[in-house]
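Student: I should like a close look at a single part of this model, together with its surroundings. Please treat it in one connected account.

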Amino acid sequence: MILSETQLFHGIEENDIKTLLNCLKPQKRHYKKGETILAEGAVTENIGIVLTGLAIIARDDIWGNTSILGNVAPGSAFAEVYACIPGQPLLINVSAAEDTTVLFINADRILSSCSSACPFHTRLARNLLTVCAHKSLHLSQKILHTSPKSIRSRLMSYFSECATSAGSDSFDISYNRQQMADYLNVDRSAMCSELSKMQREGLIKYRKNHFILKNGPQK
C-alpha cells in the first residue's frame, strides 16, 4: 500500500510524505489473523492505518454478544477519534480478520504543525477531519441498516448500500456470514435461511461473498 493512496495522506505528493514521516515518526506493526490490534478499555494516542490485510471493529457486551461496527480495509484508518481525545478508553475492539500490517501515527504530531508550517502538514490535518467525518457517516449507515425489524429488510438495506458504492448490482462484500450477521445484529442461522429464501425467490444471486441483486428491495 502506497501511503499517497490512503485516506489520511490523500492529495500529498510522495516526496512530501517522506518529509512528513520524518516529523511523524510512525511505527509499523504486523498482526496474525485473529490477533487483537487494540483492546476495549485501552487508551491510545495513535491513529492506525491498515496497509495490508483487513481489520474488524467490534463491540462485546457483558453477556459475550459481539456486534461488528465495521471493517478497515487497506488505506483506511481506525481509532482516530480516540487518539484525538487524550485519555479516552476505547469502547471497541480492533482485531485482524487476516494477516494485517498497520502503520501507527501519533495524533498529536498530526494536529501540531511542524516548525516550518509546511502546507502539506496542514493538508494532513484536514484529511484527518475528513476521515472522522466519513467514520461518523459509516456509523449512521449502520444505524439505518439495523433499524428495520425484519432480517430481509436489513439485508436489502445493506445490499443496497453495497450496490450503490460499487456502482453495480453485482458486488463483493468483505464480511463472512458470521461477521455480516453481527454487523446487522441478527442471528446467523436465521440470516442464512433468509438469504437462501431470497435466492430461491429470484431476488438475489450469490456465491460465497459475491452477490447480485436481481430485483428491488422486498419487505
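Tutor: Contact here means heavy atoms within 4.5 Å. Helices (H or I, at least four residues) and strands (E, at least two) are DSSP runs numbered from the N terminus. The model is predicted, so to speak of a local feature requires pLDDT of at least 70 and to count a side-chain atom pair requires 80 or more, whereas totals for chains, interfaces and linings use all residues. Residues are numbered from 1 along each chain as its sequence is written, and side-chain values use heavy atoms, without hydrogens or water.

The part chosen is helix 5, which spans residues 151-166. Its 16 residues reach 22 Å from the first C-alpha to the last, close to the expected 22 Å (1.5 Å times one less than the number of residues). Within helix 5 the buried residues (under 20% relative accessible area; exposed is over 50%, partly exposed in between; 1.4 Å probe, protein chains only) are Arg152, Ser153, Arg154, Leu155, Met156, Tyr158, Phe159, Glu161, Cys162 and Ala163. The list thus includes the arginines Arg152 and Arg154 and the glutamate Glu161, as well as Leu155, Met156 and Phe159.

Several elements take part in covering these residues. Among the helices, helix 4 (119-146), helix 6 (177-184) and helix 7 (188-200) are included; among the strands, strand 9 (170-172), strand 10 (204-207) and strand 11 (210-213) are included. After helix 5 comes Gly167, with a positive phi near 70 degrees.

The start of helix 5 can be related to helix 7 through one pair of residues. Ala190 lies in helix 7, and its C-alpha is 7.9 Å from that of Ile151, although 39 residues separate the two along the chain. Ala190 itself is partly exposed, at 31% relative accessibility. Between helix 6 and helix 7, both of which help to cover helix 5, the loop contains Asn185. Asn185 is not a glycine, yet its phi is positive, at about 60 degrees; it is partly exposed, with a relative accessible area of 41%.

Helix 6 leads from the surroundings of helix 5 to a sheet. That sheet is open and has 4 strands, antiparallel in their pairing (two strands pair if DSSP finds at least two bridges between them), in the order 2-7-4-5. Its edges are strand 2 (36-38) and strand 5 (66-72), each of which pairs on one side only. From one strand to the next the twist averages 35 degrees. Helix 6 packs on this sheet, where it touches strand 4 and strand 5. The direction of helix 6 makes about 110 degrees with that of strand 5 (axes are lines fitted to C-alpha atoms, for helices over the stretch in contact, with angles from 0 to 180 degrees between N-to-C directions).

The two strands touched by helix 6 also pair with each other. Strand 4 (residues 55-60) is joined to strand 5 by 6 bridges in the antiparallel sense. Within this pairing, Ala58 faces Ile68 of strand 5, and Ile57 has Gly70 as its bridge partner. The hairpin formed by strand 4 and strand 5 has 5 residues between the strands, and Gly64 takes a positive phi near 90 degrees there. Strand 4 also pairs with strand 7 (residues 93-96), antiparallel and over 4 bridges; in this pairing Ala55 stands opposite Ala96.

A further open sheet of 4 strands has the order 1-8-3-6, again with antiparallel pairing. Strand 1 (27-31) and strand 6 (77-78) are its edges; each has a single partner strand, so one side of each lacks a neighbour in the sheet. Strand 3 (residues 46-52) and strand 8 (residues 100-106) run antiparallel and are joined by 6 bridges, with Val50 partnered by Val102 of strand 8. Ala79 occupies the loop between strand 6 and helix 2. Its phi is positive, at about 65 degrees, although Ala79 is not a glycine, and it is buried at 10% relative accessible area. Asn185, by contrast, is partly exposed at 41%.

To return to the chosen part, helix 5 has its buried residues covered by elements that include helix 6, and helix 6 in turn packs on strand 4 and strand 5 of the sheet.
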